[in-house]
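Let's practise reading a protein model together, one exercise at a time. Have a try at each task before you look at the solution.

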Amino acid sequence: MNTKSLIRNTLNALHLDLTKNLQYDRRTRQIMNMAIRSNSNCIDIGCHKGEILESMLKLAPDGQHFAFEPIPQFFRFLSAKFAKKVSIFPYALSDHNGRSSFQFVKNAPAYSGLMTRKYDVDNPVVEEISVTVKTLDSVIPESVKIDFIKIDVEGGEFGVLKGSERILSEYRPVVIFESGLGASDFYGTDPGELFDFITKNAGMKISTLKGYSKQNTTLTRGGFEECFNNNNEWYFVAHP
């Protein structure tokens, strides 16, 4: 474990949220502990270097796991590290199958995605690469019950969700996803449409991470739109 990860894990254990991102990281792991059982089947979309995937494997050693990472060097790293335990795919996920350009932010890879978005980094170095695009429903076998999904694709989350309608409506897994201005709007996401898709098409509810972890609050359509438009919250949980 590197020094940065050690510091972050120590702060999480002590519940010291020095930044909003640390708070989200702590709550994400708290929700994973609540939602994932030893035999849960999990999906990590936008796997990056595999930190969340590693937690999935520890919490669900008897489950079947899937990971998606279209950036070639990260895909190779993940394949070398996890291939014997995880089905790893070099696809970008959305609501269609095909090929697409992909914006790889070389000096800030975590901001990479199918579309150009706002980058909170000085002088971003962007390389446009070509990737295969798939829907999650077309990749995951229909016989596999999915229990938990994490989506972090820098604004393209609604596309991923729409391409996962079969899985969401049939199995209603717990889904942690990001959505808000500065990223999702570059993909044309309308928060009201996203809310309706989750609640009506998939038959699920939406909470903030805090609301879900306390098991006492779900968002209304207006509440979700307010979070989205004002960036009051960036991460949400779709759940039964």
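**Exercise 1. Two helices side by side**

Are helix 2 and helix 3 roughly parallel or roughly antiparallel to each other? Keep in mind that you are working with a predicted model.

Solution.
- Step 1: Find the two elements. Helix 2 covers residues 20-35 and helix 3 covers residues 51-59.
- Step 2: Read off how they pack. The angle is about 25°, and the axes lie 10 Å apart.
- Step 3: Apply the cut-off. Angles under 35 degrees count as roughly parallel, and helix 2 and helix 3 are therefore roughly parallel to each other.
- Step 4: Look at who touches whom. Helix 2 contributes Thr28, Arg29, Met32 and Asn33, while helix 3 contributes Glu51, Ile52, Ser55, Met56 and Leu59.
- Step 5: Sort these residues by class. The contact of helix 2 with helix 3 has four nonpolar, three polar and two charged residues.
- Step 6: Add the handedness. Helix 2 and helix 3 make a right-handed crossing.

**Exercise 2. The seven-stranded sheet**

Work out which strands stand at the edges of the open sheet of seven strands.

Solution.
- Step 1: Write down the strand order, which is 3-2-1-7-8-10-9, with mixed pairing.
- Step 2: Take the two ends of that order. Strand 3 (87-89) and strand 9 (205-208) each have a single partner strand, so one side of each is left without a neighbour in the sheet.
- Step 3: Note the twist, which averages 15° from one strand to the next.
- Step 4: Follow strand 9 to strand 10 (residues 235-239). These two run antiparallel and are joined by four bridges. Here threonine 208 faces phenylalanine 236 of strand 10.
- Step 5: Return to helix 3, which lies across strand 1 (42-45), strand 2 (65-68) and strand 7 (148-151). Helix 3 runs at about 175° to strand 1.

**Exercise 3. The three-stranded sheet**

Describe the open sheet whose order is 4-6-5.

Solution.
- Step 1: Start with the pairing, which is mixed across the three strands.
- Step 2: Find the edges. Strand 4 (91-93) and strand 5 (98-105) have a single partner strand each, so one side of each has no neighbour in the sheet.
- Step 3: Note that the twist in this sheet averages 55° from one strand to the next.
- Step 4: Check strand 4 against strand 6 (residues 126-134). They run parallel, with three bridges joining them. Alanine 92 sits opposite valine 133 in strand 6.

**Exercise 4. An aromatic pair and its helices**

Why is the pair of phenylalanine 195 and phenylalanine 224 called tilted?

Solution.
- Step 1: Set the scene. The structure has nine aromatic pairs.
- Step 2: Look at the rings of phenylalanine 195 and phenylalanine 224. Their centres are 6.2 Å apart and their planes stand at 35°, so the pair is tilted.
- Step 3: Place both residues. Phenylalanine 195 belongs to helix 8 (residues 191-201) and phenylalanine 224 to helix 10 (residues 221-230), so the pair ties together parts that are 29 residues apart in sequence.
- Step 4: Compare the helix axes. Those of helix 8 and helix 10 come within 9 Å and cross at roughly 135°, which makes helix 8 oblique to helix 10.
- Step 5: Add the handedness, which is right-handed for helix 8 passing helix 10.
- Step 6: Finish with the classes. Five nonpolar, two polar and four charged residues make up the contact of helix 8 with helix 10.

Notes: Residues numbered from 1 in each chain as written. Predicted model: local features only at pLDDT ≥ 70, side-chain atom pairs only at ≥ 80, totals over all residues. Heavy atoms only, no water. Axes fitted to C-alpha atoms, helices over the stretch in contact; angles between N-to-C directions. Parallel < 35°, antiparallel > 145°, perpendicular 65-115°, else oblique. Left-handed = near helix turned anticlockwise from the far one by under 90°. Contact = heavy atoms within 4.5 Å. Nonpolar A, V, L, I, M, F, W, Y, C, P; charged D, E, K, R; others polar. Pairing = 2+ DSSP bridges. Phe/Tyr/Trp six-rings, centres within 6.5 Å; stacked < 30°, edge-to-face > 60°.
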